Amino acid sequence: MSQGPRSGLYAVSSALLAMSRHLEVRDVLKTIVASARELLDAQYAALGVPDDHGGFAQFVVDGVSDAQWKAIGPLPRQHGILAAMLREARPERLADVRKDPRFEGWPAAHPDMSDFLGLPIRDGDEIIGALFLANKLRPEGQPCPEPDGRCGFTEDDEELLTILAQHAAIALTNARLYERSRELTIAEERSRLAHELHDAVSQKLFSLRLTAQAAATLVDRDPSRAKGELQHVAALAAEATEELRAAVIELRPAALDEDGLVATLRTQIQVLDRAHSARVTFSSHGVRALPASQEEAMLRVSQEALHNALRHSGATRVDVTLDRRGPGAVLHVTDDGGGFDPTAIRSAGRHLGLVSMRDRASGVGGTLTVESAPGKGTVIEMEVPGG
């Protein structure tokens, strides 16, 4: 590990310090991948964080252009060598990954890879990620160590990556703890805002009611005073509207800006699954970042649909899926509850917020459809066009 400037103690120290500087999970993942690729002179590096559905909750690459990454398509599933690393929890150092019997190919736009070095990232007994490198580069001015001229990864490379992965586990665990504490802080802050909103707006509405009643009694016997009371009603209504608007702005889901729609939905649905007797599940496939307004609209519609299913339908199971559709995405919220008659738009709209959901969808250029019948459950589908 003493050959070359990147494998020196200073380079290792710099990589470890870089990982410890970040608190956001996504930033930590990017730093781990970039540090590993640079430190071990690899053409490509990637790190996948597995989910519970055979895919990856997050997958970060380095050495692949944005255009290449977009052309590759949906995130990979847990299969082949990646699945083996996650399942068997041991390093994989291969002269040519394509010749390994576990190799299952890759998409047409995927870069060609030969020599491979990968290992799991562990937090105790839990596998929290799979880190791998491909295509060892020739150090400038040095011959390749392999007789056939290839620059495969060495035992020293594996030892160095093991050290990096151990520190990556610490950095990633710390980042996760930070994000969980931040979620708790956000929840507490929203609770505080809800109390303030309730107190302030309730007082305004109470004043509005009393003033309107006073105006009603004065209309016939003192029209001039009644007019003044009605002007006061208008002023109070304007104040209440402003307070509501300010509260809504404060309550905008900040997690969307930092974590994106998929991670935010997954976190919220995990909380709902723990909080309710009904089984609540979430899955997502191939969804890329959408315009901010579309992500927020999809989150709000999913929240409304979940609220309806869990509070009003009597459902024992609610399934939420978010999938890529062309440049955009499609959301499905499906429950096995009591259902309703969607043709009764007026009453259903008031009761289930369907009008609000349709307004949110159309407001970002999307569509919302509802399939339901009494005793047959409900499916809410929202599609957005992407950017």
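# A tour of the predicted model

Select Arg90 to begin: at 38% relative accessibility, Arg90 counts as partly exposed. Keep in mind throughout that this is a predicted model.

**Stop 1: salt bridges**

Stay on Arg90 and add Glu88. The two form a salt bridge, and their closest N and O atoms are 2.8 Å apart. Glu88 is partly exposed too, with a relative accessible area of 35%. This is one of 14 salt bridges in the structure.

Now select Asp96 and Arg98. They also form a salt bridge, with the closest N and O atoms 2.9 Å apart. Is Asp96 buried or exposed? Asp96 counts as buried, because its relative accessibility is 15% and the limit for buried is under 20%. Its partner Arg98 is partly exposed, at 35% relative accessible area.

Move on to Asp100 and Arg102. Here the closest N and O atoms of the salt bridge are 2.9 Å apart. Asp100 is buried at 12% relative accessibility. Arg102 is partly exposed, with a relative accessible area of 25%. Next, widen the selection to Arg87, Glu88, Arg90, Glu92, Asp100 and Arg102. Salt bridges that share partners join these residues into one network. The network therefore takes in Arg90 and Glu88 from the start of this stop, along with Asp100 and Arg102.

**Stop 2: aromatic rings**

The structure holds four aromatic pairs. Select Phe59 and Trp69. Their ring centres are 6.2 Å apart and their planes meet at 5 degrees, so this pair is stacked. Which elements does the pair link? Phe59 sits in strand 2 (residues 56-62) and Trp69 in helix 3 (residues 66-72), ten residues apart. Phe59 is buried, with a relative accessible area of 7%.

Add Phe56 to the selection. Phe56, Phe59 and Trp69 form one aromatic cluster.

For another pair, select Phe116 and Phe132. The ring centres of Phe116 and Phe132 lie 5.3 Å apart with the planes at 25 degrees, so this pair is stacked. Phe116 lies in strand 4 (residues 116-123) and Phe132 in strand 5 (residues 126-136), so the pair ties together parts that are 16 residues apart in sequence. Both Phe116 and Phe132 are buried.

**Stop 3: strand 10 and its neighbours**

Select residues 378-384, which make up strand 10. Colour its two faces separately. Thr378, Ile380, Met382 and Val384 form the covered face. Val379, Glu381 and Glu383 form the uncovered one.

Bring in strand 8 (residues 328-335). Strand 8 pairs with strand 10 in the antiparallel sense, over seven bridges. To see where they meet, find Asp335, which stands opposite Thr378.

Then show strand 9 (residues 367-372). Strand 9 and strand 10 are antiparallel as well, paired over six bridges. Look for Thr369, which stands opposite Glu381. What do strand 9 and strand 10 form? They form a hairpin, with five residues between the strands. In the turn, pick out Gly375, which has a positive phi of about 80 degrees.

**Stop 4: into the core**

Select Leu322, found in strand 7 (residues 317-325). Leu322 counts as buried, at 0% relative accessibility. Show its surroundings. Among the residues that Leu322 touches are Leu261, Phe282, His285, Met298 and Leu331. Ser283 is another contact of Leu322. The C-alpha atoms of Leu322 and Ser283 are separated by 6.5 Å, yet these residues are 39 residues apart along the chain.

Now return to Met382 on the covered face of strand 10. Its contacts include Ala297, Met298, Val301, Leu331, Ala361 and Leu368. Met298 and Leu331 thus turn up in the contacts of Leu322 and again in those of Met382.

Where do these residues belong? Met298, Leu322, Leu331 and Met382 have the most contacts inside the largest nonpolar core, which has 35 residues. Elements giving two or more residues to this core include helix 7 (254-275), strand 6 (279-285), helix 10 (354-363), strand 9 and strand 10. Which element gives the largest share? Helix 8 does, with eight residues. In soluble globular proteins, nonpolar side chains tend to be buried together.

**Last stop: the second core**

Finish by selecting Ala36, Leu39, Ala42 and Leu47. They are among the residues of a second, separate core of 32 residues.

Note on methods. Residues are numbered from 1 along each chain as its sequence is written. This is a predicted model: local features need pLDDT of at least 70, side-chain atom pairs count only at pLDDT 80 or more; totals for chains, interfaces and linings use all residues. Side-chain values use heavy atoms; hydrogens and water are left out. A salt bridge is a side-chain nitrogen of Lys or Arg within 4 Å of a carboxyl oxygen of Asp or Glu. Buried means under 20% relative accessible area, exposed over 50%, partly exposed in between (1.4 Å probe, protein chains only). Rings of Phe, Tyr and Trp (its six-membered ring) pair if their centres lie within 6.5 Å; planes under 30 degrees apart count as stacked, over 60 as edge-to-face and the rest as tilted. Helices (H or I, at least four residues) and strands (E, at least two) are DSSP runs, numbered from the N terminus. Two strands pair if DSSP finds at least two bridges between them. Contact means heavy atoms within 4.5 Å. A nonpolar core is a set of buried Ala, Val, Leu, Ile, Met, Phe, Trp, Tyr and Cys residues joined through side-chain atoms within 4.5 Å. Lists of a residue's contacts leave out its neighbours within four places in sequence.
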